[in-house]
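Dear colleague,

I am handing over the structure shown just below, together with an account of what was found in it. Please keep it open beside this message as you read.

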Amino acid sequence: PVRAVFFDLDDTLVSTSAHDRSAFRACVELTGLRRPGSDGEALVAAYKRQLSKAPWDPEDKVPISDWRAQLWVAALDEIGQAVASTSSRCASAAELGAELQHRFDEVRLGEFAWVEGVLELVKRLGAAGLRMCVITNGHSDVQHPKLKVLRASDLFEHIIVGGDEVRAGRLEKPDAGIFLKACELTGVAPIEAVHVGDSLSSDIAGAIAAGLRASIWVSLGSGLVSENGPRPDFTVTSITELPIVLVELGCLEGPSLS
């Protein structure tokens with residue numbers, strides 16, 4: 001029988017991508033104020049390219065906010081806006097980079113919230129005796145502020161942050177070890193646990209590698225699963241459809257959440 005449910009955080013329990021879009025829109029607006037006439041959309045696109053190459057200091061020495069402020073500076077340079085005009089309204093690239101990163105964090109964390117229905121879902125699973133654990137990849141100094149603003153520890157007894165694992169010399173998803181750690185924390189065997197998440201390469205591949213009872217993909221309405229990639233046991237379009245799967249697995253009584 002299934003006795004535990006493991007959850008991914010970003011774009012599973014929280015619509016992180018939507019909050020990112022809001023934060024980037026705020027950065028475009030700020031760019032227009034600080035650099036009149038500059039292309040804020042192009043700046044954000046350049047920043048995303050920089051971020052994809054090196055989202056944080058690989059040696060974990062530079063604080064994450066400072067590192068990402070530097071990425072904004074690199075993005076300004078990429079689009080030819082690194083040098084401020086003589087106008088007193090125009091901040092230097094370093095000043096603007098720091099301000100943009102602060103604005104991004106402020107807006108994203110300011111609206112960061114559980115997907116509608118998550119609180120009720122977790123309460124229902126808990127009432128059914130299911131044990132739960134959140135397994136989230138990402139830098140410790142990025143993920144912990146998210147978890148704090150969500151008050152996630154009030155909702156989930158067990159939370160594993162991939163960045164913490166990396167700092168301790170272990171691996172994050174899709175490594176099987178992080179899922180087996182969740183099994184240890186919740187007191188279940190792998191065959192007694194399911195994992196739900198939006199990433200085929202991290203969540204689904206990892207759940208399969210760890211030998212969990214089932215992998216559940218939150219597709220968010222995206223495309224088909226690759227024939228050569230990891231194949232989930234179940235697919236839902238939103239976390240709130242999870243009870244349908246758990247009813248089918250026999251660990252939750254119907255009806256499912258509407």
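Helices and strands here are DSSP runs, a helix having at least four residues and a strand at least two, and they are numbered from the N terminus. Please bear in mind that this is a predicted model.

Overall picture

In the terms just given, the chain has 11 helices and 6 strands. Its C-alpha trace spans about 70 × 40 × 40 Å along the principal axes, and of its 258 residues 47% are buried. Of the contacts in the chain with a separation of 6 or more, 66% are accounted for by residues 24 or more positions apart.

The nonpolar cores

In soluble globular proteins, nonpolar side chains tend to be buried together. The largest nonpolar core in this chain has 35 residues, and those touching the most other members are V5, F7, L13, L125, L242 and L246. At least two residues of this core come from each of the strands β1 (4-7), β2 (131-136), β4 (193-197), β5 (214-218) and β6 (234-236), and likewise from each of the helices α5 (118-127), α6 and α11 (242-248). The element that gives the most to this core is α5, with 4 residues. To follow one member in detail, L125 touches V5, F7, L130, M132, L242, L246 and L252, when residues up to four places away in sequence are not counted.

Apart from this core lies another, of 20 residues, which includes W67, A75, A91 and L100.

A residue in α3

A69 is found in helix α3, and because its relative accessible area is 11%, below the 20% limit, A69 counts as buried. Leaving out residues up to four places away in sequence, A69 touches G97, A98 and Q101. To give a sense of distance within the model, the C-alpha atoms of A69 and E241 are separated by 38 Å, and these two residues are 172 residues apart along the chain.

Helix α6 and the residue after it

Helix α6 covers residues 140-150, and in it S140, V142, Q143, K146, L147 and L150 are buried. Seen down the helix axis, the buried residues of α6 fall within an arc of 165 degrees, so they line one face of the helix. An α-helix has 3.6 residues a turn, so residues three or four places apart point the same way.

Just after α6 comes R151, with a positive phi of about 55 degrees, although R151 is not a glycine. R151 has its place in the loop between α6 and α7 (152-155), and at 58% relative accessibility R151 counts as exposed.

Two other backbone features

Most residues other than glycine have a negative phi, and most peptide bonds are trans. Besides R151, a positive phi in a residue other than glycine is found at D60, where the value is near 55 degrees. D60 is found in the loop between α2 and α3 (64-78), and at 35% relative accessibility D60 counts as partly exposed. The peptide bond from K173 to P174 is cis, with omega near 15 degrees, and P174 has its place in the loop between α8 and α9 (176-186).

The pockets

The largest pocket holds about 630 Å³ of space. Its lining has 28 residues, and D10, T16, D20, R108 and K146 are those that lie nearest the centre of the pocket. The helices α1 (16-34), α2 (40-53), α4 (93-111), α6 and α10 (200-209) each supply at least two residues of this lining, which divides into 7 nonpolar, 10 polar and 11 charged residues. K146, one of the residues nearest the centre, is also among the buried residues of α6.

The second largest pocket has a volume of about 160 Å³. W56, D57, P58, D60, G138, H139, S140, G163, V166, R167 and E172 line this pocket, so that two residues already mentioned return here: D60, with its positive phi, and S140, which is buried in α6. Helix α8 (residues 162-167) gives the most to this lining, with 3 residues, and by class the lining has 3 nonpolar, 4 polar and 4 charged residues.

With best regards

Definitions and conventions:
Residues numbered from 1 in each chain as written. Predicted model: local features only at pLDDT ≥ 70, side-chain atom pairs only at ≥ 80, totals over all residues. Heavy atoms only, no water. Buried < 20%, exposed > 50% of the residue type's maximum accessible area, 1.4 Å probe, protein only. Arc of directions from axis to C-beta. Core = buried A, V, L, I, M, F, W, Y, C linked by side-chain atoms within 4.5 Å. Contact = heavy atoms within 4.5 Å. 1 Å grid on protein atoms, 1.4 Å probe; cavity = no way out; pocket = protein on both sides within 12 Å on 5 of 7 lines; lining within 4 Å. Points joined across faces, edges and corners; volume = space filled by probe spheres on them. Nonpolar A, V, L, I, M, F, W, Y, C, P; charged D, E, K, R; others polar.
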